[in-house]
Amino acid sequence: MKKKVLIVEDDMALFNMYSVELKIKGFDVLNVSDGLQAMSKAKDYAPDIILLDIMLPGMNGLNILTELKGDSQTVDIPVIMLTNYGSEDNVKKALENGAADYIMKYKILPSELSDKIEVVLGTSNDSDVRIAV
Amino acid sequence: MNEPSALDAYFNIGIVLLCFFPAALIFIKYKLKTARLVKVLREKEAALESGVSYVKKWQSVPEILTHVSMLTDLQESLDLAAGYFLRTVDISCASYLLKISNGYLYRVAVLGNITRGFADKSRHAASAHYRETIGDTSDEEILTEQAITGGGLDETGLSDFFGTVCIPIRNKDQVLGSFCVFGTSDSLKNPETKLFVTRILDSVISATLEFKQVLVKEHKKLDAVLQSMDEGVLLFDPDYRLSLMNRTAQMFLGISDQRSYNVSQVSDIIKGSLPVQEIVTGVMDSKEPKSLQRVFVNGRYLSFMFLPVLINRETVGVGAVIHNDSEEEKLRNLREDFTAMVVHELRAPLTVIRGSADMVLKHKEKFSPQDVELFMNQIKDSAWDLLKIVNDLLDSAKIESGKFEVVKEDCNIAAVLSQEIGNYKMFTDSKNIDLILDIDDSVPIIRADREKVIQVLNNLLSNAVKFTYKGEITHMADRGLIRVGLRVQPKTVQIFVADNGPGIPNEIKKQLFNKFIQARESPISNESGTGLGLVIAKGIVEAHGGKIWVEDNVPKGSVFIFTLPFK
C-alpha cells in the first residue's frame, strides 16, 4: 500500500516539485496551502507523514504542529518541518514540540526528499542514515 | 676840604641804596617767587604722593577681586577684604557686623592682640552704625557672635583706636551689616582712604553677590540641561556617595527617591547586572575612564561610561553617563530581521530554480512535455521573482542613501493608468475581484518618470489584490473590489488605489513606509515578498515631489493615495 504524505506548503512551485517527485517515488500526496485546512486534512486523509512549512500565510506552522501533537487522532503522525529560515529558535522549538525532523528547503533537492521521509518512517534500507540538514 | 662829609656819606649810601634797591627788589621778588614755586611744588609733590598711593591701592584691586569673585560666601569675602585693608591701609583693625540667619555675627581682623575694651568699643561702633543705617533709634545693644582673626584678646594688646570709617554692607536695598576700619592715629582723616575703603568694599560685596547670583543661575541652567538630557548622569563624590543623579538616570536605574545613596547601595539596586562599586573604585584609583556596553538593567540595554572627575590631576569624584541602547538594539534587531527576511525571499526562488532544473534533468525520460513545461515555467517565473527582489533591494538602498533619481518627461498619466488597469484586469478577474477605474475628465499631461510611476501603481495594485484576495473578504463576500482613481487638483494629480480588504491597524499605518519596521510588524510580513514595495513607492513619489499616504476605506479596507505634481 502506498504511503500517504500530506504537504502543508503555500508555495505552489515547491509543492509541484515535491509532489511530482514523491509520486514518482511511489507516495500518495495531498497538498494544503493554508494552515486552517491542515488540521482537518490531517484527520480526514490520515497521512503516514506530514511535511509542514513553518512560514504559512496568516499562520505559523509551529502552532499547527502543537495542535497536531495535542490531538489524539494526529499525535502519532510524524511531522517534518519545512523551512527556508536559518533560525535556530524555530528549529529547536519544532523539535521540542514533537517534530520528527526538519528540512532546510534550499539545501535539499526534491530527489533527496524521499530519503529523509523514509528515514523518519523507518522504511529506509540504510537504518543508520541520519538526516543531515 | 678832603674829608668826606656826612652829606657825602649819606649821598654814597643813597647811591649805594639807589644802586642796590632794584637789585634787592629783584632779589626779594625772586625769593618770594621761589617760595611760591616751592610751595606749589610741595603741594604738587604731596598730591603726587597721595595720588601714587591712591593709584597703588587701586592697582591692587583686581587682585582682591580675583579672589573674591571665586567666592559665593559673603562672610569669606568680607574676611578677605578685612585682611586686605589691614595690609594696604594704615589702620589698626578692620571688622564687620553681619546679619546672619539666626542673629548677628561680629568679626574683627587685627594684626596683633587687642584688649577686651578695644574689641567692645569697636563692636559698639559697628553696631551703632548698623542701627543708624537701618534707622533703628533704640539703644538696644545688638547681641552678636564674636570672633577675632589675626590676633587675640590680651590686656597688653592694643587698647584704643582713632578715627573710624564705617560703611553699610548692602545688597541692593537690603542692609546686610556694617563694615568698619579703625585708624591708628589720624590715618583715616584722608577722605581718599574712606573713598578707597568704600569702593573696595562695594566691589567686594557686589562681586560676591553677583557671582553667587551667576552661580545660582548657571547652576539652574546646568541642572535644567542635566534633567532634560536623554542620557542618565550620575556623580559619585570621593566618599563614594551619590552626589548627583538626573531624572533619566533615576528612570534607568529604577531609583525614584532623592535619598543620598552610596555606591554599594546603587550596586544593590542594579542587582548584580553591573558591578558599580568595583568599577567606581577602579576609576577613582586608576583615573582611567571605563565603558560598558549593552548592560541589561530593568528591561533596558544600557551602555555606561564611567569617567574620573579631575581637578588639578586630583580625582574629586567619578561621573557616569548612561545611554539607552534599547532603541539601537531594536533597530539592530529590525535590521537582522530584515536581512533574514531578504535571505528567505532570495532562497525561495533559488530553491525552486535548483529543484525544478534537477527534476527535469533527472526525470526527462519519465516527464511528459507538459511536465517539462511546468518546471521550465517555474524556473522562468522564479528567476523573474529573483530579479524583482534584487531590483527592489537596489532601489530601496538607493532611496535610503538619497541616490534615487527619476527622469521626468511628458507623461499621459491617464493613459498610463488605463493601460495598467487593463493589464491587471485578467489577473483580478481570475481572483473574483472587480477592478474599477475612475478618472477625472481632461487630465493634463504631466512631467513624470513613466516607468517609475508604473512601478508605484504595480506595487499598490499587487498589495490591493493580495489583501483583497487573501483577506476576510473571500469568506464574507463573493467578490473583492478594487477602485483605482485619478483626481485633477490645482497643481497636482491625485491617484488612489482603494481596496475592501481587511484594512490596516492604525499603529502599523504610520510605519508602513518604513523599511525595517515593515519587515517585522506589517501584515505583509506574513505574506511572501520583501515588503519593500511601499518603501520604493514612497521613494519614487517623493522623488517626483509628491506625497504618499494611506487612509481607511469606507466601509472597510484601505486607500493608498499619492500625488504627482504637474511639473
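**Exercise 1. Contacts along chain B**

Find what share of the contacts in chain B between residues at least 6 apart in sequence join residues at least 24 apart.

*Solution.* Start with the term: a contact means heavy atoms within 4.5 Å. Among the contacts in chain B between residues at least 6 apart, 62% join residues at least 24 apart. Bear in mind that this is a predicted model, in which local features need pLDDT of at least 70 and side-chain atom pairs count only at pLDDT 80 or more, while totals for chains, interfaces and linings use all residues. Residues are numbered from 1 along each chain as its sequence is written, chains are lettered from A and ligands numbered from 1 in the order in which they are written, and side-chain values use heavy atoms, leaving out hydrogens and water.

Next, add the secondary structure: chain B has 16 helices and 17 strands, where helices (H or I, at least four residues) and strands (E, at least two) are DSSP runs numbered from the N terminus. Finally, 40% of the 567 residues of chain B count as buried; buried means under 20% relative accessible area, exposed over 50%, and partly exposed in between, with a 1.4 Å probe and protein chains only.

**Exercise 2. Confidence in chain B**

State the mean pLDDT of chain B, then look at the stretches where the pLDDT is below 50.

*Solution.* The pLDDT is the predictor's confidence in each residue, from 0 to 100. Its mean over chain B is 81, and 85% of the residues reach 70 or more. Over residues 470-476 of chain B the value is below 50, and this stretch has 13 contacts in the model beyond near neighbours in sequence. Residues 518-527 of chain B are also below 50, with 32 such contacts. For the complex, the predictor gives an ipTM of 0.88 and a pTM of 0.55.

**Exercise 3. The disulfide**

Locate the disulfide and describe what it ties together.

*Solution.* A disulfide here is a pair of cysteine sulfur atoms within 2.5 Å. Searching the whole structure gives 1 over all chains. The partners are B:C166 and B:C180, with an S to S distance of 2.0 Å. The link is right-handed, with 105° about the S-S bond. B:C166 sits in strand 4 (residues 162-171) and B:C180 in strand 5 (residues 174-183) of chain B, so the pair ties together parts 14 residues apart in sequence. Both ends are buried: B:C166 has a relative accessible area of 16% and B:C180 one of 0%. Now compare B:C93, which is in no disulfide; the nearest cysteine sulfur, that of B:C180, is 8.7 Å away. B:C93 is buried too, at 0%.

**Exercise 4. The faces of helix 4 in chain A**

Which residues of helix 4 (residues 88-96) of chain A are buried, and which are exposed on the other side?

*Solution.* The buried residues are A:N90, A:V91 and A:A94. Seen down the axis, they fall within an arc of 95°, so they line one face of the helix; the arc is that of the directions from the helix axis to the C-beta atoms. They pack against helix 3 (61-69), strand 6 (79-83) and strand 7 (101-104) of chain A. On the other side, A:E88, A:D89, A:K92 and A:E96 are exposed. After the helix comes A:G98, whose phi is positive, near 105°.

**Exercise 5. The surroundings of B:N459**

Describe where B:N459 lies and what it touches.

*Solution.* B:N459 belongs to helix 12 (residues 450-470) of chain B and is buried at 7% relative accessible area. Not counting residues up to four places away in sequence, B:N459 touches B:K388, B:G533, B:I536 and B:A537. A polar atom of the B:N459 side chain lies 3.0 Å from the backbone oxygen of B:G533.

Terms used. A polar contact is a pair of N or O atoms within 3.5 Å; within protein, one must be able to donate a hydrogen and the other to accept it, and residues adjacent in sequence count only if both atoms are side-chain atoms.
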